[in-house]
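This report introduces a protein model to a reader who has not met it before. The sequence and the structure are shown first, and the description follows.

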Amino acid sequence: MNYPNFPEDCRSLLCKYLTPEVFELLKERKTSHGFTLEQAINSGIQNIDSSIGVYAGDKESYTVFGPLFDPIIEAYHGFSKNDSHHSNMEPDLLKAPNPDPEGEFILSTRIRVGRNVDNMPLGPAISKEQRNQVETRVVKALNLLDGELKGKYYPLTGMSKEIQDMLIKEHFLFKEGDRFLDAAGLNRDWPEGRGIYHNHDKTFLVWVNEEDQMRIISMQQGGDIKEVFIRLVNAIKSIETKVPFSYSYHLGFITSCPTNLGTAMRASVHIALPKLSKDMDAFKSITDKYHLQIRGIHGEHSESEGGVYDISNRRRLGITEVRAVQDMYDGVVALIEAEKALG
Ligand code: ADP
Ligand code: CIR
């Protein structure tokens, strides 16, 4: 492979940090699962509009390709090579009374974490057999959950197109054919080994073998962020007694995309801000101040509809889970105040 020909207007962190020197240093390297630099950067090469552009094939990728991943991680999370990560999921520490008890602004709240199985390659480098083993192991653990978390696993193989499309439209299921994941090798052997577990009310869900081997999700209508957090923490604690998660003292929970490392947590609300969003500079000055990310209504790389946005914590590494949710909460309070001030 030769040094990629990045266009002038390329804005991804890959374009910024894959200098010819870094490329020369890493181009022959391989992890013990056989994952190469070419595979790690393919998504950003095929998708020049990527914001990041790299994926890891295994935990080792973060050290073997460290000269590329380290500056990307530092630029995204503000977390340097010498920092360490500490988990704290104690719900009592979260200060989050419902910021919108009248239900004027917040439509729904969702908090998810990514998790991968310890000692398995990540999705970009996993074999079909290993992926199927992961599914069997995870589903076995999920089937032991009880109380509010009790539910059923629905494999993607055999699911009708109507049900699949409905679950995607209602924000419960991952979409199919994402070009960023596709180029990262994450859609190989689709749909085999993939599926969704959920409880009866769809307030607790687990995506199996999408971008990460598990996406553990708690969600509900309205703005009771603490209730959503408590349900998620209970689920994470139950699942990890059955399936050990891939974890590093430096990087926290290991995920295939470096933006998800650490807590691997994205806490979001769908919130209607029709007035504030008419002035995107004012909107962004608040989201930047509170370390928030703005997404569209159908998730990453989608657009807003009717002034409703997906607002979530941007930082995930080097902060605790409680802090990640608090970032989102504090920012949402400020956004609601700004919307109200506009009359
Ligand atoms: P992820 O959060 O798993 O990284 P996406 O941004 O693709 O991935 O979002 C996944 C799905 O979750 C999308 O359908 C999105 O609309 C939905 N979603 C995210 N936040 C909320 C929320 N607060 N309420 C309802 N649905 C949400
Ligand atoms: C990209 O680089 O745009 C995609 N691979 C997605 C990166 C993750 N997005 C994010 O901002 N958390």
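Which polar side-chain atom lies 3.2 Å from a nitrogen atom of ligand 2? The atom belongs to Thr259. This pair is a polar contact, defined as a pair of N or O atoms within 3.5 Å; within protein, one atom must be able to donate a hydrogen and the other to accept it, and residues adjacent in sequence count only if both atoms are side-chain atoms.

The model is predicted, so local features need pLDDT of at least 70 and side-chain atom pairs count only at pLDDT 80 or more, whereas totals for chains, interfaces and linings use all residues. Residues are numbered from 1 along each chain as its sequence is written, chains are lettered from A and ligands numbered from 1 in the order in which they are written, and side-chain values use heavy atoms, with hydrogens and water left out.

## The two ligands

Ligand 2 is surrounded by 14 residues, and Ser51, Ile52, Gly53, Tyr55 and Glu300 are the closest. A residue is counted as near a molecule or strand if one of its heavy atoms lies within 4 Å of it. By class, this shell has five nonpolar, six polar and three charged residues. For these classes, Ala, Val, Leu, Ile, Met, Phe, Trp, Tyr, Cys and Pro count as nonpolar, Asp, Glu, Lys and Arg as charged, and the others, Gly among them, as polar.

Ligand 1 is surrounded by 18 residues, the closest being Ser108, Arg110, His171, Ser268 and Arg295. Its shell divides into four nonpolar, seven polar and seven charged residues. The table lists polar contacts of both ligands.

| Ligand atom | Protein partner | Distance |
|---|---|---|
| Ligand 1, oxygen | His171, side-chain N or O | 2.8 Å |
| Ligand 1, oxygen | Arg295, polar side-chain atom | 2.6 Å |
| Ligand 1, oxygen | Ile297, polar backbone atom | 2.9 Å |
| Ligand 2, nitrogen | Tyr55, polar side-chain atom | 2.7 Å |
| Ligand 2, nitrogen | Thr259, polar side-chain atom | 3.2 Å |
| Ligand 2, oxygen | Gln293, side-chain N or O | 3.0 Å |

Taken alone, ligand 2 exposes 350 Å², of which the protein buries 95%. For ligand 1 taken alone, the exposed area is 560 Å², and the protein buries 93% of that. Accessible areas come from the Shrake-Rupley method with a 1.4 Å probe; for residues, only the protein chains shown count as cover. The elements that give two or more residues to the shell around ligand 1 are β1 (106–115), β5 (214–221) and β8 (265–272). Helices (H or I, at least four residues) and strands (E, at least two) are DSSP runs, numbered from the N terminus.

## Helix α9 and its surroundings

Helix α9 comprises 16 residues, 225–240, and reaches 23 Å from its first C-alpha to its last, close to the expected 22 Å. The expected span is 1.5 Å times one less than the number of residues. Among the buried residues of α9 are Ile225, Phe229, Arg231 and Ile239. Buried means under 20% relative accessible area, exposed over 50%, and partly exposed in between (1.4 Å probe, protein chains only). The buried residues of the helix pack against β1, α6 (128–142), β4 (204–208), β5, β8 and α11 (321–341). Contact here means heavy atoms within 4.5 Å.

Ser238 also lies in α9; this residue is partly exposed because its relative accessible area is 25%.

Val206 lies in strand β4 and is buried, with a relative accessible area of 1%. Leaving out residues up to four places away in sequence, Val206 touches several residues, including Leu142, Tyr197, Ile216 and Ile239.

## Loops and backbone features

Thr36 is found in the loop between α2 (20–26) and α3 (37–46). Thr36 counts as buried because its relative accessible area is 19%. Apart from neighbours within four places in sequence, Thr36 is in contact with Arg29, Lys30 and Phe65.

A cis peptide bond, with omega about 5°, joins Trp190 and Pro191. Pro191 is placed in the loop between α8 (179–183) and β3 (195–199).

Lys202, although not a glycine, has a positive phi of about 55°. Lys202 lies in the loop between β3 and β4 and is partly exposed, at 23% relative accessibility.

Ala264 likewise is not a glycine and has a positive phi of about 55°. This residue is found in the loop between β7 (252–253) and β8, where Ala264 is buried, with a relative accessible area of 0%.
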